Amino acid sequence: MMTPANPSTLDYAMTRVADHFMFGIYFDLSRYLIAAGALTALLLIFRGFAETRRIQRGRRASRADYTRELLSSMRTVVVYAVVTLAILVGRETGVILLSIKDAALWTIIWQVVLIVLAHDAWFYWAHRAMHSKRLFRATHLHHHKSRTPTPWTAYSFTMTEAVIEVAFVPIFLLITSQLGIAYAAFAILFFIWHQMIRNVMAHAGSELFPAGWVDNPWTDWIATTTHHDLHHSSGHNFGFYFTWWDRWMGTEHPRYREAFREVTARGRVGQAEALAEPAE
Ligand SMILES: [Zn+2]
Ligand SMILES: [Zn+2]
């Protein structure tokens, strides 16, 4: 005969699952709203700079684009919250080693470097796979409805794409846990915020990086806004944080550096013209 589950244990488990899920919604929604909202506000405050540096001059995101991006981002938040819940349950059951104790600065640094490098590789290959004829419609077409990206494009995914994007985190943590590495919660937090900020910057629509960025070997390996904007307007450039995967695999846009130089030179030309204008 089956014995009913202990109601207090069941209640406790259900409450905790509900708590973790609600924490996930709060955590994943707030970072999207904060990052995309803050960048939108900055683009409005520095409207002159943003207009001069607009990457696609002939086209603007429509109201329908913003609505689609916001609504589908809410779906992404729900998918991410389920994964946040799974990671928290994984931590409590000992499957995932995640340390909330203070960690040494050096530990945080190497853990951040490792997870960012791994995520960049994951993103590049998952992104290229989603661009294959077989997968594109079902997974990634939705993200590309945004021909002219806005900060709100950052989470504009189909449910399938959201799962593919976020799957990296539990898979990575399962592997490191198997290797006996307890990831520091602070390293994960830093990784998540870095991901969010770089994501909205990549979709800003206006180039945010300083002129000369692509001509300096110390900075050229970090992808700019033009890098991902070109991906939306004309393909190529599948990478996220860094430029190296596209260079190794020959998928970089042939005019990437030229396009970046053109966008970032505008402000300077404008300044020079303004200075050259005779005083009335
Ligand atoms: Zn794409
Ligand atoms: Zn994009």
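**View 1. Sequence spacing of the donor residues of the zinc ion (ligand 2) in the predicted model**. The donor residues follow the pattern H-x59-H-x24-H-x3-H in sequence. Donors are N, O and S atoms within 2.8 Å of the metal (3.2 Å for Na, K and Ca), and water is not among the atoms, so sites may look incomplete. His 203 is placed in the loop between α7 (185–202) and α8 (225–234), and His 232 in helix α8, so this pair ties together parts 29 residues apart in sequence. Helices (H or I, at least four residues) and strands (E, at least two) are DSSP runs, numbered from the N terminus.

**View 2. Coordination of the zinc ion (ligand 2)**. NE2 atoms of His 143, His 203, His 228 and His 232 serve as the protein donors, at 2.0 to 2.1 Å from the ion. The angles among the 4 donor atoms run from 92 to 154°, and the site is irregular. Four donors count as tetrahedral if all angles lie between 85 and 135 degrees; four count as square planar and six as octahedral if opposite donors are over 155 degrees apart and all others between 65 and 115; anything else is irregular.

**View 3. Burial of His 203 and His 232**. Both residues are buried (under 20% relative accessible area, with exposed over 50% and partly exposed in between; 1.4 Å probe, protein chains only). Of the 280 residues of the protein, 45% count as buried.

Residues are numbered from 1 along each chain as its sequence is written, and chains are lettered from A and ligands numbered from 1 in the order in which they are written. In this predicted model local features need pLDDT of at least 70, side-chain atom pairs count only at pLDDT 80 or more, and totals for chains, interfaces and linings use all residues, while side-chain values use heavy atoms, with hydrogens and water left out.
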